[in-house]
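Got your viewer open? Let's take a walk through this model, one selection at a time.

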Amino acid sequence: MKEHIYHVDAFSERPFAGNPAGVCILDGLKPDTWLQGIAREMNLSETAFLLEEKDGYSLRWFTPGAEVELCGHATLAAAHILWEAGRLPGSTAALFHTLSGVLTARRSGEWITMDFPAEADVPCDAPEELARALGGRPLYTGKNRFDYILEYESEDDIRKMDPDFRLLGTVPCRGVIVTAAAVSKDFDFVSRFFAPSVSIDEDPVTGSAHCCLGPYWGRRLGRLSFTAFQASARGGVVRVEVRGDRVLLGGRAVTIMSGEVEL
């Protein structure tokens, strides 16, 4: 059997923006080397692999260099494809079994809302190589089980940041979130995400980073709901709502290409 594969721009309502993800719907189990090979061939920040189960789908995410435990934009892309390809009715929630537990996604018009675990940070000192790789003077540094998070004084600091990715790749973490309060009244905060240690210098729009950004800005602003903008070159909008130990992430998606894996 040939596996169906799709290229989806997630956290965007238009093509060529947001974060591109691969989505591969498997007809049966495949070895990890095959999954990693397809992810490397797709050469996107993440490729999602779906395998149907009795009560939903198993879902795994691979960068071109490694499997990751949590990925927002590829989950958004996977849910979008299940509904668009008619594998799930539009009124039915998508349920995923993942390395980060059970995740769900629901559709409301053009928007998809995902229920993810909160990944709150705790304050810490920045390693020397992290401070040198990013430059500038952060107002705050924290870390959760995946990433460092650093708040800077202004949105301009975030947009102009030009990290030393070689040095940043030596920092022992999945990635680094940098953030600041937004200038535009349309958004509450902006961010960028760097992950050279898993073969992604800059991820265009990172859903899982907002599992940390939501609780962080909730503490800072005393609120539970936000509209965020990830200020990469492609850019993307993420709706964020903190609900205790869970975070709801909202976004849109558009399919760019579809095909079949010939192997």
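Start by selecting R145: is R145 buried, partly exposed or exposed? R145 is partly exposed, because its relative accessible area is 48%, and that falls between the 20% and 50% cut-offs. Keep in mind that you're looking at a predicted model.

Now add E69, whose side chain meets that of R145 in a salt bridge (3.3 Å, N to O). The two residues sit 76 apart in the chain: R145 is in the loop between strand 10 and strand 11, and E69 is in the loop between strand 5 and helix 2. E69 is partly exposed too, at 36%.

Next stop: R219 and D121. They form a salt bridge, with the closest N and O atoms 3.2 Å apart. R219 belongs to helix 6, while D121 is in the loop between strand 8 and strand 9. Here the partners contrast: R219 is partly exposed at 46%, but D121 counts as buried at 6%.

Ready for some empty space? Select E13, H80, W83, E84, R107, G109, E110, I112, R252 and A253, which line the largest pocket. About 170 Å³ of space lies in there. Helix 2 gives the largest share of the lining, 3 residues. While you're here, pick out E13, E110 and R252, which are linked in a network of salt bridges.

Last, hunt for the largest cavity, with a volume of about 100 Å³. Select E46, R174, F193, D203 and T206, the lining residues nearest its centre. Its lining has 7 nonpolar, 5 polar and 3 charged residues.

Conventions. Residues numbered from 1 in each chain as written. Predicted model: local features only at pLDDT ≥ 70, side-chain atom pairs only at ≥ 80, totals over all residues. Heavy atoms only, no water. 1 Å grid on protein atoms, 1.4 Å probe; cavity = no way out; pocket = protein on both sides within 12 Å on 5 of 7 lines; lining within 4 Å. Points joined across faces, edges and corners; volume = space filled by probe spheres on them. Nonpolar A, V, L, I, M, F, W, Y, C, P; charged D, E, K, R; others polar. Helix = DSSP H or I, 4+ residues; strand = E, 2+ residues; numbered from the N terminus. Salt bridge = Lys/Arg side-chain N within 4 Å of Asp/Glu carboxyl O. Buried < 20%, exposed > 50% of the residue type's maximum accessible area, 1.4 Å probe, protein only.
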